[in-house]
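Student: Could you take me through chain B up close? I'd like to know what to make of it, part by part.

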Amino acid sequence: MDLKEKLVSSFLAFENNVDVDNPVHDIRTAAIKNFEAKGFPSKKEEAWKYTSLNSLQKIDFSIFPKMESNLEFKDVKKYFLNEIDTYKIVFVDGVYSSFLSETTHEGVDVCLMSSALNKPTYKAVIDVYFNKIACKDDSLTSLNTAFSKEGAYIYIPKNKIPKKPIEIIHFATGSEAAALLQPRNLIIAEENAELQIIERHQSLTTNEVLTNAVTEIYAAKNAIVDYYKIQNDAHSSSLIDNTYIDQKDASHVKVHTFSFGGKLTRNNLNFYQNGERIESTMKGVTIIEGKQLVDHHTLVHHIEPNCESHQDYKGIYDENATGVFNGKIIVEKLAQKTNAFQQNNNILVSDKASINTKPQLEIFADDVKCSHGCTIGQLDKDALFYLQSRGIPKKEARALLMYAFANNVLESVRIPELKTRINKIIANKLGVNLGFDL
Amino acid sequence: MAYTEEELKKELETKEYEYGFYTDIESDTFPNGLNEEIVVAISKKKEEPEWMTEWRLEAFRIWKEMEEPEWANVTYDKPDFQAISYYSAPNKKPKYDSLDEVDPELLDTFKRLGISLDEQKKLAGVAVDIVMDSVSVATTFKKTLGEKGIIFCSISEAIREYPELVRKHLGTVVPQKDNFYAALNSAVFSDGSFCYIPKGVRCPMELSTYFRINQAGTGQFERTLVVADEGSYVSYLEGCTAPSRDENQLHAAVVELIALDDAEIKYSTVQNWFPGNKEGKGGVFNFVTKRGICEKNAKISWTQVETGSAVTWKYPSCILKGDNSIGEFYSIAVTNNFQQADTGTKMIHLGKNTRSTIISKGISAGKSQNSYRGLVQVGSRATNARNFSQCDSLLMGNECGAHTFPYIEAKNSTAQIEHEATTSKIGEDQIFYCNQRGIDTEKAIALIVNGFSKEVLNKLPMEFAVEAQKLLEISLEGSVG
């Protein structure tokens with residue numbers, strides 16, 4: 001039985017486990033129908049031209065997570081941003097771990113999707129926001145919607161700012177030979193609210209893990225949302241991340257994606273600007289090697305006038321790694337005075353690495369400033385020589401240059417401890433000690 | 001009095017297709033429809049050898065299995081391939097010795113198009129191989145070219161006279177099964193041009209073919225094959241205009257360029273097929289496959305000015321097979337009213353130290369859609385490949401669209417690829433600056449558009465640059481946003 005059939009036939013069992021009278025029942029049923037009709041995307045589809053899911057579909061993933069596994073905090077401490085105090089929403093094999101988490105209901109809601117879906121207090125919010133911005137046509141998003149049950153639920157009311165950043169961490173313990181996880185997050189920032197989120201998926205074994213995550217983010221008027229995705233998973237894990245962001249007037253949303261690990265990582269990052277004077281920022285650093293594949297698909301839909309979007313993605317590819325970047329900017333007829341910028345720079349370190357990039361513009365308004373730039377190149381030989389001539393070994397010199405290459409993406413990280421952490425990961429990844437504290 | 005944008009827009013919209021007229025020349029036309037018999041009949045009509053008939057039939061069988069591509073960013077009513085007549089030739093086919101003997105009506109047509117044969121012969125030094133409804137009826141300057149050993153004739157003549165040359169190269173760059181329209185063309189092409197430049201010869205003049213669609217309901221399926229032997233050079237011009245007509249006309253040409261070691265081919269196109277009227281009715285469907293292959297140290301340069309056609313689907317490409325070879329693509333695509341253009345290029349880097357440059361300028365006005373679609377591919381053995389791409393779009397008015405779909409695929413760590421794209425409109429400050437210096441708005445726009453397109457216009461041969469500039473003005477003057 002292939003994975004698609006298995007998923008479709010498991011749906012009934014899944015529905016019986018959760019509450020069938022729940023209002024999201026209809027949403028789930030419609031979603032599984034769409035997934036059944038569409039199936040997994042194939043390479044024939046334009047959006048999946050360079051990324052194949054075939055090998056993943058051959059793996060016999062177990063769909064329902066077992067009960068909570070025992071994880072000691074000291075074993076997983078290093079995956080948290082432990083230098084500072086944070087709220088934590090932690091899942092182990094898809095199941096919420098109250099022991100590792102720190103949630104809150106004081107003024108703001110930092111809690112669980114399962115309680116939001118089931119408790120009547122949240123019904124009004126769920127009715128308005130759940131599965132509203134997520135694409136109902138996309139097969140993988142539908143798959144997640146059909147099995148949506150658990151994840152992070154964050155609600156920041158008007159004029160509130162949570163006391164500390166929020167970490168969302170998903171651990172996979174490998175209690176199954178191969179596990180499919182489908183977390184579903186809903187994040188709402190009301191007017192003038194502000195929040196920072198750090199998200200991480202971490203497998204603790206070499207067993208296969210496939211995560212198909214969907215996150216919906218709603219930023220109301222003047223809201224500020226900073227979202228950091230750390231993708232430094234084990235090489236046996238794959239991640240398909242679907243993030244949908246709805247922005248209203250004058251809101252600022254920044255998404256940083258740091259892709260260093262994982263076997264296959266696909267990021268579908270979609271911004272919809274439903275208001276004026278909106279700013280959307282997408283930044284990414286990708287450093288991969290081996291047979292890793294990282295695929296960034298971004299979409300910015302400029303619907304109303306006077307908005308801005310900035311995209312800056314840097315990639316360094318070594319060994320047999322493959323990078324994909326597809327940045328799509330749509331400017332609607334009404335969206336005059338739009339400023340949309342997109343930049344994608346890549347370095348191929350090895351001859352076996354490859355990069356496929358497609359910066360795409362679709363523009364229907366005339367009074368706009370839109371540009372995209374894309375480069376593929378190598379490290380500057382003169383700069384390398386300069387550093388070597390000053391006694392810096394070649395390896396360190398290269399690392400230094402690569403660090404510099406990726407640096408301007410890091411500059412906009414607003415949590416200093418996180419910035420240090422990412423720098424350490426980069427230094428580690430490049431196999432050097434840069435000799436100074438970043 | 002100030003010339004307002006509204007007035008300019010109106011003027012442009014009401015601007016009728018200036019070259020829209022119809023020449024009444026008796027034609028020898030095949031019944032509508034396409035089957036193996038028609039393919040054989042076309043081949044017979046052209047007195048082709050058996051291998052050619054077989055080649056066509058093979059293409060036809062491949063075509064039957066294929067589906068019309070839908071990935072391009074254009075929408076149109078698909079042509080009914082069984083409602084098209086696949087062959088039509090002017091039935092007076094005398095071999096002229098001088099221009100005086102040419103059908104006066106035909107000469108008049110060219111005159112109205114501003115293509116005076118004798119004038120060109122005298123002034124521009126252009127040898128013209130005129131394709132009028134698929135059959136070449138006049139070739140000039142053959143003698144001068146003959147002395148250098150250059151072959152420049154219609155492809156049907158080449159198939160008869162130089163079968164080994166044609167057989168060796170035909171379909172090597174664009175194989176029959178390449179795509180839907182290339183397969184169709186391979187099966188039914190009626191005529192086209194063939195050009196062969198011998199080793200080490202520098203072609204002394206610009207070679208030029210004028211195409212015209214003339215017969216109602218006749219699809220045009222030209223086939224052009226240009227072979228530049230080692231160390232040779234040729235500059236080839238192609239330009240076209242078509243009479244206005246209500247039903248859509250299909251144009252599916254194939255152009256193959258072969259540049260052997262150290263050779264250089266410069267291929268320039270000015271395309272001005274009938275774009276349809278301002279309601280978007282009628283107009284030519286231009287589905288063209290153009291591709292060139294470069295051997296060692298060879299260079300192929302495509303320059304195109306696309307102002308016509310209701311739907312354009314065209315990607316002149318370079319396969320940079322040999323080491324140190326160079327590919328260039330310079331394009332201006334102008335769309336107005338309901339025109340749709342999906343055009344761009346493919347640069348396939350296979351050899352070492354290969355270089356390519358892409359400069360694409362898209363100008364869209366009215367309710368048109370203008371897309372750039374390009375591919376830059378660097379193979380794993382193409383060390384030190386270098387590419388620079390620049391795609392600029394200019395939008396006039398808020399009902400048109402500009403789109404960019406650049407595909408970049410690199411598999412070699414020494415590749416250096418740069419891609420830049422911008423979209424903008426004509427700035428009010430720019431116009432104000434010109435106005436302030438006594439240049440009226442209309443002229444200012446012409447000036448700005450000219451400046452915007454200059455990088456490409458500069459690449460056109462002298463003789464063509466004038467016509468291209470004229471076309472730009474006709475297509476755009478006044479359409480301001």
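**A close look at chain B**

Tutor: Let's start with a weak spot: over residues 211-218 of chain B, pLDDT (the predictor's confidence in each residue, from 0 to 100) stays under 50. The model still has 30 contacts beyond four places in sequence for that stretch, a contact being two residues whose C-beta atoms, placed from the backbone, lie within 7 Å. Residues 133-138 of chain B are also under 50, with 26 contacts beyond four places in sequence. Where pLDDT is low, don't read the predicted coordinates in detail.

This is a predicted model, so local features need pLDDT of at least 70 and side-chain atom pairs count only at pLDDT 80 or more, while totals for chains, interfaces and linings use all residues. Residues count from 1 along each chain as its sequence is written, and chains are lettered from A, ligands numbered from 1, in the order in which they are written.

As a whole, chain B averages a pLDDT of 79, and 75% of its residues score at least 70. For the complex, the predictor gives an ipTM of 0.79 and a pTM of 0.83.

Now, inside the chain, look at helices H3(B) (residues 50-65) and H9(B) (residues 180-188). Helices (H or I, at least four residues) and strands (E, at least two) are DSSP runs, numbered from the N terminus. The two helix axes come within 7 Å and cross at roughly 145°; they are lines fitted to C-alpha atoms over the stretch in contact, with angles from 0 to 180 degrees between N-to-C directions. The crossing is left-handed, meaning the near helix is turned anticlockwise from the far one by less than a right angle. On the H3(B) side you'll find Arg56(B), Ala59(B), Phe60(B), Ile62(B) and Trp63(B). They meet Phe180(B), Ala183(B), Leu184(B), Ser186(B) and Ala187(B) in H9(B). By class, that contact has eight nonpolar, one polar and one charged residues (Ala, Val, Leu, Ile, Met, Phe, Trp, Tyr, Cys and Pro count as nonpolar, Asp, Glu, Lys and Arg as charged, the others, Gly among them, as polar).

Then there's the neighbour. The contact between the chains takes 31 residues from chain B and 31 from chain A. On chain B's side, strands E23 (401-410) and E24 (416-425) are the elements that give two or more residues. That side has eleven nonpolar, 15 polar and five charged residues. E23(B) pairs with strand E19 (residues 354-363) of chain A in the antiparallel sense over six bridges; pairing takes at least two bridges found by DSSP. There, Thr404(B) in E23(B) stands opposite Leu361(A).
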